[in-house]
Amino acid sequence: MATEQVLHMKGGVGETSYANNSLLQKKVILQVKTLLEENMISMVSKKMNIYCLRIADLGCSSGPNALTVISNIMNIIHKISLDLNHAITPAFQFYLNDLYGNDFNTIFKLLPDFYRQKRRDNVGECFISGTPGSFYGRLFPNNHIDFFHSSYSVHWLSQAPKDLAKNAEPLNKGDIYFSKTSPPSVYEAYYKQFEKDFKYFLKSRFEELTLDGMMVLTFLGRETSNFNTAQGVIGMVLKEMVKEGLVEEEKLDLFDFPVYYPTVEEVRQLIEEEGSFTLQTLKTFKIGWDANLQEDIVDYVVDSKMRGEFIAKYIRAVYEPLLIAEFGENVMDELFSRYAKMISELIEIENLEFTNIVLFVTKNS
């Protein structure tokens with residue numbers, strides 16, 4: 001089945017939904033807010049006579065985080081406009097983009113309260129609509145968007161690499177992502193797919209962005225090839241379940257996650273090679289797999305069991321639809337119960353952190 005048909009976060013507002021299990025993603029959005037404030041000044045200064053700013057959030061997913069992004073951007077632009085003494089307070093047209101299976105309705109149900117709050121904030125009129133489709137290709141007319149935003153989306157590939165078999169034998173046998181034990185050809189296949197997707201992404205956004213527009217991307221990266229990943233731990237659990245006859249070995253051998261965590265050097269090189277954009281800012285920051293939970297709780301200690309269960313919940317919200325399509329729904333409870341236990345053991349002996357890459361680019365003339 002095509003990746004874009006099954007790739008979406010867990011919809012709705014239930015206990016295992018993405019809407020209720022996306023604290024880590026929210027914390028990343030809030031941490032990037034300061035960089036937004038610093039980097040958007042030059043763009044806003046060039047838009048002083050614009051009556052409506054058109055802004056797209058690529059890979060918006062489902063739930064309240066999408067509206068947090070919108071609120072942050074509106075507040076930042078309004079403040080910058082006041083500081084620059086702009087005579088016009090622009091209106092905002094926001095386009096929320098994700099794949100066709102995304103649960104847009106969960107966001108839309110939040111809009112009445114959101115619109116009322118923004119009217120009270122008095123930061124400009126706001127209009128929000130959905131734009132379903134893959135961002136690995138065109139989504140908007142030429143020179144249409146003033147500002148692109150994307151958080152935790154661009155590390156997703158358009159598909160798993162195709163070159164992961166030799167003489168009908170899977171090169172990544174027993175693994176679902178590349179790891180330190182994978183042959184070099186597996187890493188090369190993943191990088192090749194990311195290179196193709198990322199360059200096509202940049203080319204498409206170049207056509208759609210206005211000349212004095214800007215784009216900010218936040219996505220998962222890596223520092224070295226020797227690192228633990230959420231996908232790698234899922235693979236370890238699946239291998240256990242294969243040994244116990246709970247999962248078919250062939251399904252495990254043929255499944256590869258359609259994600260890639262690039263290094264800063266790879267990202268910089270691909271932007272330069274593709275040539276559509278000038279890199280203005282590139283930074284990295286880390287956040288624990290547990291979203292640094294202990295920082296939010298002062299009256300008790302968050303132990304490894306609680307951290308493992310928290311991580312398993314949001315990983316399930318992100319990956320379950322994709323895993324169901326491959327392994328079936330009946331093994332999901334067992335898979336993520338074991339995943340939580342394995343994470344709680346791993347977190348006792350290793351410092352599990354995500355490396356986040358944030359970059360701001362402007363369009364070349």
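In this predicted model, the sulfur of cysteine 126 lies 9.6 Å from the closest cysteine sulfur, which belongs to cysteine 52, and this is too far for a bond. A disulfide is a covalent bond between the sulfur atoms of two cysteines. The cut-off applied here asks for a pair of cysteine sulfur atoms within 2.5 Å, and the structure holds zero disulfides. Cysteine 52, for its part, is in no disulfide, the nearest cysteine sulfur being that of cysteine 126. As for their surroundings, cysteine 126 is buried, with a relative accessible area of 12%, whereas cysteine 52 is partly exposed, at 29%.

From these two residues we can turn to the protein as a whole, whose secondary structure comes to twelve helices and nine strands. Its radius of gyration is 21 Å, close to the 21 Å that the globule rule gives for 365 residues, so the protein is as compact as a globular protein of that length. The C-alpha trace spans about 70 × 50 × 35 Å along the principal axes of the protein.

Within the fold, 57% of the 365 residues count as buried. Among the contacts in the protein with a separation of 6 or more, 85% are accounted for by residues 24 or more positions apart.

The outside of the protein can be described in a similar way: its accessible surface comes to about 16600 Å², and carbon and sulfur atoms contribute 49% of that area. Turning to charge, the protein has 37 positive and 49 negative charges, and the mean positions of these two sets are 4 Å apart.

Technical notes
Residues numbered from 1 in each chain as written. Predicted model: local features only at pLDDT ≥ 70, side-chain atom pairs only at ≥ 80, totals over all residues. Heavy atoms only, no water. Buried < 20%, exposed > 50% of the residue type's maximum accessible area, 1.4 Å probe, protein only. Helix = DSSP H or I, 4+ residues; strand = E, 2+ residues; numbered from the N terminus. Rg over C-alpha atoms; globule rule 2.2 N^0.38 Å. Contact = heavy atoms within 4.5 Å. Areas by Shrake-Rupley, 256 points an atom, 1.4 Å probe, with all protein chains shown as cover. Lys, Arg positive; Asp, Glu negative; His and termini not counted. Charge placed at Lys NZ, Arg CZ, Asp CG, Glu CD.
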